[in-house]
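Thanks for asking me to look this one over. Below are my notes as numbered points, to be read with the model open beside them.

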Amino acid sequence: MDKIDKQILAILQEDASTPVAEIAEKVNLSSTPCWRRIQKLEEDGVILRRVALLDADKLNVGVTVFVSIKTSQHNAGWYAQFSNTVKLIPEVVEFYRMSGNIDYLLRVVVPNIAAYDAVYQKLTQSNALFDVNASFAMEQIKHTTALPLDYAGLD
């Protein structure tokens with residue numbers, strides 16, 4: 001990955017709908033080589049997909065809840081059941097297995113506390129959980145979907 005690829009990725013991370021001709025102009029290429037680079041980045045799995053970012057408040061899911069979960073179960077069967085449960089809850093938009101004091105971290109978006117309680121009920125009814133702790137975000141200070149590109153191409 002070279003400097004031009006990184007420039008292309010930066011542009012696409014800002015607005016994936018940017019026309020190839022405009023990207024090419026910004027990176028000092030003609031359209032065809034630029035398009036080929038984008039295709040290669042997609043083939044190599046660097047570009048996973050192109051999406052639209054939506055306004056959570058306008059969709060009435062402006063409350064963000066970070067849910068930390070501890071479990072005393074650490075076997076494959078429990079993990080499979082828990083993962084399947086979480087994946088079926090649309091309000092859970094991020095799901096991580098963690099190191100440290102908590103086992104799993106979820107980011108949940110909902111319209112209000114009652115909606116979070118419904119998510120909580122789904123989580124606890126179908127899985128044996130040791131501890132569930134919810135923290136409601138009071139203010140979003142930084143949010144980006146853009147990944148840093150300075151490390152790309154380094155081994």
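**Notes on the predicted model**

1. Let me begin at the far end of the chain: T145 is found in the segment after β4, the strand that covers 131-136. Please keep in mind throughout that this is a predicted model. T145 counts as partly exposed, with a relative accessibility of 44%. Leaving aside neighbours within four places in sequence, T145 is in contact with Q13 and L53. L53 is 92 residues away from T145 along the chain, yet the two C-alpha atoms are separated by 9.0 Å. If you are checking how the segment after β4 is placed, T145 is a handy residue to select.

2. Now the overall fold. The chain has five helices and four strands, and their order along the sequence is α-α-α-β-α-β-β-α-β. The radius of gyration is 20 Å, whereas the globule rule gives 15 Å for 155 residues, so the chain is more spread out than a compact globule. The C-alpha trace spans about 55 × 35 × 25 Å along its principal axes.

3. A few whole-chain figures go with that picture. Of the 155 residues, 25% count as buried. The chain exposes about 10,800 Å², and carbon and sulfur atoms supply 52% of that area. Among contacts between residues at least 6 apart in sequence, 63% join residues at least 24 apart.

4. How far apart are the mean positions of the positive and negative charges? The chain has 15 positive and 19 negative charges, and their mean positions are 3 Å apart. If you plan to look at electrostatics, that is the figure to have to hand.

5. On annotation, UniProt places the feature "domain: HTH asnC-type" at residues 1-64, and the entry is unreviewed. In the model, residues 1-64 are 50% helix and 3% strand. The C-alpha atoms at the two ends of this stretch are 36 Å apart.

6. Two backbone angles deserve a look. Most residues other than glycine have a negative phi. N28, which is not a glycine, has a positive phi of about 60°. N28 sits in the loop between α2 (20-26) and α3 (31-43). N60 is not a glycine either, and its phi is also positive, at about 60°. The place of N60 is the loop between α3 and β1 (63-70).

7. Are those two asparagines buried or exposed? The cut-off for exposed is over 50% relative accessible area. N28 counts as exposed because its relative accessibility is 70%. N60 reaches 51% and so counts as exposed too.

8. The loop between α2 and α3 also holds S30. With a relative accessibility of 45%, S30 counts as partly exposed. S30 and V20 are 10 residues apart in sequence, and their C-alpha atoms are 9.2 Å apart in space.

9. The loop between α3 and β1 contains V51. V51 counts as exposed, at 54% relative accessibility. Its C-alpha atom is 7.4 Å from that of A16, and 35 residues separate V51 and A16 in sequence.

10. Last, a residue in strand β1: K70. Its relative accessibility is 29%, so K70 counts as partly exposed. Which residues does K70 touch, leaving aside neighbours within four places in sequence? K70 is in contact with N101, I102, D103, L129, F130 and D131. How far is K70 from L29 in space, C-alpha to C-alpha? The two are 51 Å apart, with their positions 41 residues apart in sequence.

Technical notes. Residues numbered from 1 in each chain as written. Predicted model: local features only at pLDDT ≥ 70, side-chain atom pairs only at ≥ 80, totals over all residues. Heavy atoms only, no water. Rg over C-alpha atoms; globule rule 2.2 N^0.38 Å. Buried < 20%, exposed > 50% of the residue type's maximum accessible area, 1.4 Å probe, protein only. Contact = heavy atoms within 4.5 Å. Areas by Shrake-Rupley, 256 points an atom, 1.4 Å probe, with all protein chains shown as cover. Lys, Arg positive; Asp, Glu negative; His and termini not counted. Charge placed at Lys NZ, Arg CZ, Asp CG, Glu CD. UniProt positions renumbered as here; feature names shortened; annotations may be inferred.
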